[in-house]
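This report walks through a protein–DNA model. Start with the packing inside the protein, then turn to the DNA strands.

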There are 2 protein chains.
Amino acid sequence: MRPLFHPALEDIRPEAILYALSDPERVAIFAKLATAGCGGTCSALADLGDRVIPKSSLSNHFKVLRESGLIRSERQGVEMRNQTRCAELDERFPGLIRSILVAYGQLPGQLETMSREKSRDGQ
Amino acid sequence: MRPLFHPALEDIRPEAILYALSDPERVAIFAKLATAGCGGTCSALADLGDRVIPKSSLSNHFKVLRESGLIRSERQGVEMRNQTRCAELDERFPGLIRSILVAYGQLPGQLETMSREKSRDGQ
DNA sequence: TCAACAGTTCCGAATTTCTGAACTACGGAA
DNA sequence: TTCCGTAGTTCAGAAATTCGGAACTGTTGA
């Protein structure tokens with residue numbers, strides 16, 4: 001297995017982020033990952049409720065998320081641990097991830113403190 | 001020529017917005033359109049500096065932008081007038097368009113007053 | 001009626017996406 | 001050590017999408 005590629009923060013491109021998150025399945029995966037308490041393994045995320053994502057497709061979704069800079073993946077024993085790079089990303093693209101998740105109606109609790117411009121003026 | 005389709009505000013899907021703006025050429029077009037004073041015709045937007053977009057590709061870019069709900073197109077005589085739907089969009093997806101354009105380093109002056117959560121807390 | 005222009009549609013080539021099947025990597029049991 | 005089971009990756013070919021030149025449509029002005 002070839003080593004996993006993760007772009008450096010400064011190499012993350014907005015078009016890659018938007019492309020990765022223009023697929024509702026990937027958004028669902030990313031949003032679940034951003035939810036504290038989720039193990040972050042592939043198999044834990046395959047079930048979308050209405051359909052189970054084939055594992056080759058799932059693996060590809062993780063690759064797209066990883067190489068766009070949205071998540072970090074690390075092998076831990078037999079499984080893969082995935083976590084979002086939200087904090088870093090918010091530094092580089094302030095408010096971007098947050099407003100995307102809000103648009104999808106997927107803002108998880110953990111992210112509610114991500115951007116400072118949060119609930120300052122009543123909304 | 002078949003009539004131009006524009007989605008109603010409530011039918012606009014975030015995945016379509018992100019997909020449309022995951023292409024840097026379309027972002028460049030959209031950002032130019034958002035700039036006050038730009039005529040908004042296709043031919044006025046074909047020149048990207050480093051390359052001229054073929055007109056069939058350009059027409060397709062406009063179609064993607066239009067059908068995702070990002071712009072409104074209206075025939076005016078022989079040419080087509082295009083304008084962004086930023087104000088409406090910001091109502092439906094607060095802060096989204098703004099943070100995307102900021103991420104691309106493309107925030108035009110007109111939009112600086114778009115979102116209320118702007119420069120409230122120093123940045 | 002015709003020519004010129006702005007933009008759209010068509011269609012074939014190139015690229016990308018999808019997913020089942022085969023494969024690799026690791027851990028545990030014997 | 002060898003074998004097995006589990007987690008995930010890679011491969012490969014079918015399907016879908018994108019790209020862009022050529023032909024076409026709609027509009028204005030002569």
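## Core packing

The model is predicted. In it, L21(B) touches L18(A) from the other chain. Within chain B, L21(B) also touches V27(B), F30(B), L65(B), L70(B), I100(B) and Y104(B). Residues up to four places away in sequence are left out of that list.

L21(B) also ranks among the residues with the most contacts inside the largest nonpolar core. The others are I17(A), L21(A), L70(A), I17(B) and L70(B). That core has 57 residues.

## Surface near DNA strand D

Which residues come nearest to DNA strand D? They are R2(A), S43(A), K55(A), S59(A) and Y19(B), out of 21 residues around the strand. Sugar and phosphate make up 64% of the strand D atoms that come within 4 Å of the protein.

Three phosphate contacts can be listed for strand D:

- The side chain of S59(A) places an N or O atom 2.5 Å from a phosphate oxygen of DNA strand D.
- In the side chain of S57(B), an N or O atom is 3.0 Å from a phosphate oxygen of DNA strand D.
- M80(A) uses a polar backbone atom, 3.3 Å from a phosphate oxygen of DNA strand D.

Both chains supply elements here. α3 (55–68) and β2 (79–84) of chain A, and α3 (55–68) of chain B, each give at least two residues to the surface near DNA strand D. α3(A) gives the most, with four residues. By class, this surface has eight nonpolar, seven polar and six charged residues.

## Surface near DNA strand C

There are 21 residues around DNA strand C. Those that come nearest are Y19(A), R2(B), S43(B), K55(B) and S59(B). Of the strand C atoms within 4 Å of the protein, 67% belong to sugar or phosphate. The rest belong to bases.

One base contact involves K55(B): a polar side-chain atom of K55(B) lies 2.8 Å from a base oxygen of DNA strand C. Two serines face phosphate oxygens of strand C. S43(B) has a polar backbone atom 2.9 Å from a phosphate oxygen of DNA strand C. For S59(B), an N or O atom in the side chain is 2.5 Å from a phosphate oxygen of DNA strand C. α3 of chain A, with α3 and β2 (79–84) of chain B, are the elements that give two or more residues to this surface.

Which element gives the most to the surface near DNA strand C? α3(B) does, with four residues. The residues of this surface divide into eight nonpolar, seven polar and six charged.

Conventions:
Residues are numbered from 1 along each chain as its sequence is written. Chains are lettered from A and ligands numbered from 1 in the order in which they are written. This is a predicted model: local features need pLDDT of at least 70, side-chain atom pairs count only at pLDDT 80 or more; totals for chains, interfaces and linings use all residues. Side-chain values use heavy atoms; hydrogens and water are left out. A nonpolar core is a set of buried Ala, Val, Leu, Ile, Met, Phe, Trp, Tyr and Cys residues joined through side-chain atoms within 4.5 Å. Buried means under 20% relative accessible area, exposed over 50%, partly exposed in between (1.4 Å probe, protein chains only). Contact means heavy atoms within 4.5 Å. A residue is near a molecule or strand if one of its heavy atoms lies within 4 Å of it. A polar contact is a pair of N or O atoms within 3.5 Å; within protein, one must be able to donate a hydrogen and the other to accept it, and residues adjacent in sequence count only if both atoms are side-chain atoms. Ala, Val, Leu, Ile, Met, Phe, Trp, Tyr, Cys and Pro count as nonpolar, Asp, Glu, Lys and Arg as charged, and the others, Gly among them, as polar.
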